[in-house]
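Student: I'm new to this structure and a bit lost. Could you pick out the packed inside and take me through it closely, along with any gaps you find on the way?

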Amino acid sequence: MEKPLLIWGSGAIGGTIGAYLARSGSDVLMVDMVAEHVEAMNREGLSIKGPVDEFTTAIRAVTPNEISGVFKRVLLCVKGQDTAAAIDMLKPHLADDGYVVSVQNGLNENLIAEMIGEDRTIGAFINFGADYHGPGDILFGARSTVVVGELGGEITLRLQTLHKELQAFEPNAIATNNVWGFLWSKLAYCSLLWANAVIDGELNDVFGSKTYRLMLTELTREVIRIAEADGTKLEPFDPFDPSAFTRDADQSAADRAFETIFNHRLGSAKKHSGMWRDIAVRKRKTELDTLLLPVLDAGAQRGVAMPLNTLLAQMIQEIEAGKRQQAWQNFDELRSRMTDATV
């Protein structure tokens, strides 16, 4: 096993994975911008709480300006908008034959590959439920899919080694030859997570809604059409089946998919999307610029009309600017836009 493993970003994603790997005996060094979080981890360990697991593990942590040395393997677990700055900071510490894994939401792999080279970049898809609750404290609300893959689709020795180590966190982790298929499926699912951010309600209020079911279906299908235009083979993941939203699927298939997601989430302690928490709890900007807006750009480049996701992005911007409230009336407006676009 190659050592040590650098985890850059120790919040919901990085903190959860890092805690499990450290507990399993992996040599892990955590990096985080929040000094209080770093201090708490070094002093008291990193605590995982929630319905999935409860434990505290000793772990080493530093802030970016405290890091020294060269590392062969880096898990990048920062918000999408922080990707470029993080790569700039970690690049002097990355070995010539090292690699960075984009353990993030969105398509940050493209930016990372542009900055350090495709041969030093590995893609990842993650969909487990976790939230940063404070210094040294992570809520692990629900397990789900974890996938890693080379951008070109090869199954390499380094990918197999990484996959094996990640199984200490998620025993059912996957090493894939189609990471882009997973990433585009997640972006379609993310349209529903973004929808949660514009209402005063929980995720299962979205998934269980029959009043807004047609609108939510079309919101998801807009993103699926981009992958279809590219000929990307979409990959299912627990609990989302993209085939229910393709051009050949009818509304009954989408209804069954929503029911599956709703039932799956009944046991999750994570009640809101990360986007909702960014706005309502952490009072900060979402990953809109690096997660949803690039999807709109991709749609425009391929001639895919995306009126619902375009309006959704506008709503997020207005909520972030204090010009709009999180309210169910926003769903009414989205539904109206769907009607305008389809009659």
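Tutor: What follows takes the packing first and the gaps after that.

A quick word on the ground rules: this is a predicted model, where local features need pLDDT of at least 70 and side-chain atom pairs count only at pLDDT 80 or more, while totals for chains, interfaces and linings use all residues. Residues are numbered from 1 along each chain as its sequence is written, and side-chain values use heavy atoms, with hydrogens and water left out.

Start with the largest nonpolar core, which has 59 residues. A core here is a set of buried Ala, Val, Leu, Ile, Met, Phe, Trp, Tyr and Cys residues joined through side-chain atoms within 4.5 Å, and buried means under 20% relative accessible area with a 1.4 Å probe, protein chains only. Helix 6 supplies the largest share of this core, 12 residues. (Helices are DSSP runs of H or I with at least four residues, strands are E runs of at least two, and both are numbered from the N terminus.) Look for W184, W194, L216 and F331, the residues with the most contacts inside the core. Zoom in on L216: setting aside residues up to four places away in sequence, L216 touches L192, A195, V206, F258 and F331, with contact meaning heavy atoms within 4.5 Å.

That isn't the whole packing story, though. A second, separate core of 37 residues has V38 among its members, along with I17, I122 and I126. V38 also appears in helix 2 (residues 35–44), whose buried residues are H37, V38, A40 and M41. These four cover an arc of only 165° around the axis, so they sit on the same side of helix 2; the arc is taken from the directions from the helix axis to the C-beta atoms. Packed against them are strand 2 (28–31), strand 3 (46–49), strand 5 (60–62), strand 9 (129–134) and strand 10 (137–142). Right after helix 2 comes G45, with a positive phi near 90°.

Now back to helix 6 and the gaps. On a 1 Å grid over the protein atoms alone, a cavity is a set of points where a 1.4 Å probe fits but cannot get out; a pocket is an open set with protein on both sides within 12 Å along at least five of seven lines; and lining residues have an atom within 4 Å of a point. Points join across faces, edges and corners, and a volume is the space filled by probe spheres set on them.

Searching the whole structure turns up one cavity of 30 Å³ or more. The largest cavity has a volume of about 50 Å³. W194 from the core lines this cavity, together with L187, C190, S191, V223, L291, L292, V295 and N309. Helix 6 gives the most here, with four residues. The lining splits into seven nonpolar, two polar and no charged, where Asp, Glu, Lys and Arg count as charged, Ala, Val, Leu, Ile, Met, Phe, Trp, Tyr, Cys and Pro as nonpolar, and the others, Gly among them, as polar.

Finally, the second largest pocket has a volume of about 190 Å³. Of its 14 lining residues, L107, N110, W184, P294 and A298 lie nearest its centre. Helix 6 (179–196), helix 11 (288–291) and helix 12 (293–301) each give two or more residues to the lining, with helix 12 giving the largest share, four. This lining has seven nonpolar, five polar and two charged residues.

Definitions and conventions: Buried < 20%, exposed > 50% of the residue type's maximum accessible area, 1.4 Å probe, protein only.
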